[in-house]
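Me: Please take a close look at one part of this structure, the surroundings of ligand 1, and explain the terms as you go.

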Amino acid sequence: MSDCIFCKIVSGEIPSHKVYEDEAVLAFLDIHPINPGHTLVIPKEHHNDLLDTPPELQAKLIQVIGKIAPAVLKAVGALAFNLGVNNGREAGQIIFHTHFHIMPRFSNDGHKLWHGKSLGQEELSKISQTIQKHL
Ligand code: AMP
Ligand code: ZN
């Protein structure tokens with residue numbers, strides 16, 4: 001897509017700090033990392049978000065993440081990482097070209113995860129049944 005930043009990174013029109021590339025997938029460092037080593041893993045083909053991405057390509061992205069995450073961790077001396085997808089505007093997606101975030105984590109690095117809400121058993125049960133109906 002002509003006005004997509006990540007497509008421009010794939011084509012080389014915009015520079016990136018590449019960490020991995022194969023025929024279908026590219027991984028490069030995030031320019032505003034939550035921690036050193038924060039890596040974005042994207043399909044070379046343009047798809048707006050994860051649900052818009054063909055299942056085989058979703059699977060390929062996960063395979064590549066499994067391959068490169070250990071190298072990312074070794075490179076920055078981290079023992080753990082969060083894997084993230086902001087899917088859709090309300091979830092914080094800014095770049096509408098499918099991408100996974102590999103975010104290395106360190107003890108007491110100040111990065112917070114979400115705080116869980118409390119829902120009653122009845123509501124949990126209703127939601128799980130409704131999800132199943134939509135499958
Ligand atoms: P999001 O769409 O919210 O999942 O996040 C998009 C991510 O892309 C952000 O973490 C940005 O820092 C990152 N980003 C934006 N432009 C570039 C770029 N040119 N090179 C590397 N990372 C980028
Ligand atoms: Zn794109």
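Reply: What follows is a description of the place where ligand 1 sits.

This is a predicted model, in which local features need pLDDT of at least 70 and side-chain atom pairs count only at pLDDT 80 or more, while totals for chains, interfaces and linings use all residues. Residues are numbered from 1 along each chain as its sequence is written, chains are lettered from A and ligands numbered from 1 in the order in which they are written, and side-chain values use heavy atoms, with hydrogens and water left out.

There are 16 residues around ligand 1, and Asp-30, Gly-92, Ile-94, His-99 and His-101 come nearest; a residue is near a molecule if one of its heavy atoms lies within 4 Å of it. The shell divides into 9 nonpolar, 6 polar and 1 charged residues, where Ala, Val, Leu, Ile, Met, Phe, Trp, Tyr, Cys and Pro count as nonpolar, Asp, Glu, Lys and Arg as charged, and the others, Gly among them, as polar.

Turning to single atoms, an oxygen atom of ligand 1 lies 2.7 Å from a polar backbone atom of Gly-92, and an oxygen atom of the ligand is also 2.7 Å from an N or O atom in the side chain of His-101. A nitrogen atom of ligand 1, in turn, is 3.2 Å from a polar backbone atom of Ile-31; a polar contact is a pair of N or O atoms within 3.5 Å. On its own, ligand 1 has 510 Å² of accessible area, of which the protein covers 86%, as computed by the Shrake-Rupley method with a 1.4 Å probe.

Methods
A polar contact is a pair of N or O atoms within 3.5 Å; within protein, one must be able to donate a hydrogen and the other to accept it, and residues adjacent in sequence count only if both atoms are side-chain atoms.
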